Each structure stands twice: as structure tokens, then as C-alpha cells.
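User: Could you take a close look at a single part of this protein for me, and then place that part within the whole? I am in my first year, so please go step by step.

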Amino acid sequence: MADVPDNAPQHCPGTESEQAGKTSSCEGCPNQKVCASGATKAPDPAIAEIGAKMSTVKHIILVLSGKGGVGKSTFSAHLAHALASDNTKEVALLDVDICGPSIPRIMGLEGEQVHQSGSGWSPVYVDDNLAVMSIGFLLNSPDDAVIWRGPKKNGMIKQFLRDVDWGELDYLIVDTPPGTSDEHLSIVQYLSSTHIDGAVIITTPQEVSLQDVRKEIRFCQKVKLPIIGVVENMSGFVCPSCKNTSQIFPPTSGGAEKMCADLDLPLLGKVPLDPRIARSCDEGKSFLNEVPDSPAAKVYLNIVQSIQDYCSNRVTEEQSTT
């Protein structure tokens, strides 16, 4: 029977098949060229190179969502800011949304450029202990469109992981695009020789979002990617004057809470709508620093603490089994 990798696309013919790399289901797969060349018995050497490069990274967290516009990049940015608020921790944020890189704007780094050093690309720093990498730093203008097919996007993700001088990190946060396609398969494939702590899934309360998020959860299960938990963004709006709560996106099917109960997943928290979150992102500032006493900021910090506890517990569990 032909060998089929755990994270292969659906209907993969297998690496030893005569059709390897040649069928329609192979389109966009990171291994398509290798499979089609017949050199499938040898793994992609980049995987081992990335494993060596990432050996100095203690924790890798992927931020995923099947739906666009649910606040995934906003959450990734604030997770990075919150973790880096501890000056003893080294944190990096990697933006692998190749076609819609919003992280440079959210982090206040628009117009910055990547520099080449003897040890690879140097990431752009927000603070001494918070580094960022995005294709947005490689474009001439933030309005430039990236019109690439899957293989070229996969090659860029490989470069980000292998050629960036990340140094020693406590946390690497990977902000991904919506969906379950090229970029997601690539990031899981290329990090297969490293230690991924897990994924944080972002959703909003309405069923149209939850439907896509269930697909993302299924993707994680198929590629054996642990799920840290689910975050529900835009979970009601608390009026700053009267304090009444309005459901802008009604949870007609029970929202993330019911979905998590049905799928036996942790609900990390519900972040309420706050216009100041969007404003801080547009201005490239940390909402957690701008409005630290707001209800949304307090929920963010509780979620971040849960993620830190999860990562610490995984380390303890792994140490106890060795």
C-alpha cells in the first residue's frame, strides 16, 4: 500500500504511487514537486532544517479559524503583546497570511523592511523581546496584491521558518489565513519535526462562523494538531453608558459554548465587542496597554493565562513520560 502522510490532502494517492504528485488532489500540496519527481522516499530536507532552526523555540502556537473576519489576526497580535509584557520572555509573531498580511499594520510596523544578515533574515522588532515577520515587510506598498499560486506561497512559508534568524524564543505565535488549504498544510508539514503545542481556534457567535470553524477543528484532528481551545470574539456589546448587553451577532445555535460542549473542547473565553479594539489595531497600538481596565482586556488576559498554563502543563506531562 502506498505511504500516505498523516497531513496529506484528502484523496492523496500516496508517496509511492505512480500518480504521486500528478492528480488534481495534489494541487497545492507542499510535497507535490517531490512526489512528481519520483524522489518521494527521501523526505523534504527543509523539514529537518526547520526542525534544527526551531530547536531553540520552546512553544509554538498556531492561531486558526475557518472563517475570515472573526478577529484572528487581532487575537494573534494581542496574544503576542500579552506574552511579551513579561520582559523575561522572548516572543515572536509570524504572519503566514500571504495574500492578506494585516499584522504589520496591527503591530504598528507598516513601512518597515526586513534586513539580511549572516544568519538569515532579521525579523522586525516591536520591543526588545517581541519580533515580527510578515510578507507585508517585503512589499513595496501595503496596497500591493500578492497573486501567487499554492507552490509559491508554500515556498515563502518555508523561507519564513528556515531562513529567519528567530534566535532563542519562549513563544512563537503563527497567525494563519482563513480556511484549511495550502498555508495550513504547509505550516503543519514543515513544523512536523518540531514541537507544536497546539492551535487556538477563533470564532464569532453566529452559526455562519461556527460552521466553518467546525471544519477547522476537523482539519486539526485529521493532521493530529492538538487544540488548546476556542475563543469567541465579538461576544456581545456592553454599552459604556447604560451597561446593557446587546447581541450584535446572535448565537442562534448556542454559540461557541455549545459547540465546545458538543465537541468536548475547552472554551478559553468570550471577548466582548469594544470599538477601541479596532481603533487600537488601526493605530498599531496594544489594546491591552491602551485600555487595561476594560472588560475585553480582562478577558484577553484570562485567555492568555489559560494558554500559558496549557503550555506549562504539556511540558510537565512530557517530562513525566520521559
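Analyst: Helices and strands are here DSSP runs, a helix having at least four residues and a strand at least two, and they are numbered from the N terminus. With these terms, K224 in this predicted model can be placed in the loop between α7 (207–222) and β9 (227–232). The backbone of K224 has a phi near 60 degrees, which is a positive value in a residue other than glycine. Exposed means a relative accessible area over 50%, and because K224 has 59% relative accessibility, K224 counts as exposed.

A second residue can be described in the same terms. D264 is found in the loop between α8 (255–263) and β12 (267–270), and D264 has a positive phi of about 55 degrees although it is not a glycine. With a relative accessibility of 70%, D264 counts as exposed.

Turning to the whole, the protein has eleven helices and twelve strands, and of its 322 residues 50% count as buried. A compact globule with 322 residues would have a radius of gyration near 20 Å, and the value for the protein, 20 Å, agrees with this. Along the principal axes, the C-alpha atoms fill a box of roughly 65 × 50 × 45 Å. Among contacts between residues at least 6 apart in sequence, 74% join residues at least 24 apart. The protein exposes about 15,200 Å², of which carbon and sulfur atoms supply 48%. Finally, there are 27 positive and 40 negative side chains, and the centres of the two sets lie 5 Å apart.

Conventions: Residues are numbered from 1 along each chain as its sequence is written. This is a predicted model: local features need pLDDT of at least 70, side-chain atom pairs count only at pLDDT 80 or more; totals for chains, interfaces and linings use all residues. Side-chain values use heavy atoms; hydrogens and water are left out. Buried means under 20% relative accessible area, exposed over 50%, partly exposed in between (1.4 Å probe, protein chains only). The radius of gyration is taken over C-alpha atoms; the globule rule is 2.2 Å times the number of residues to the power 0.38. Contact means heavy atoms within 4.5 Å. Accessible areas come from the Shrake-Rupley method with a 1.4 Å probe; for residues, only the protein chains shown count as cover. Lys and Arg count as positive and Asp and Glu as negative; His and the chain ends are not counted. The place of a charge is taken as NZ of Lys, CZ of Arg, CG of Asp or CD of Glu.
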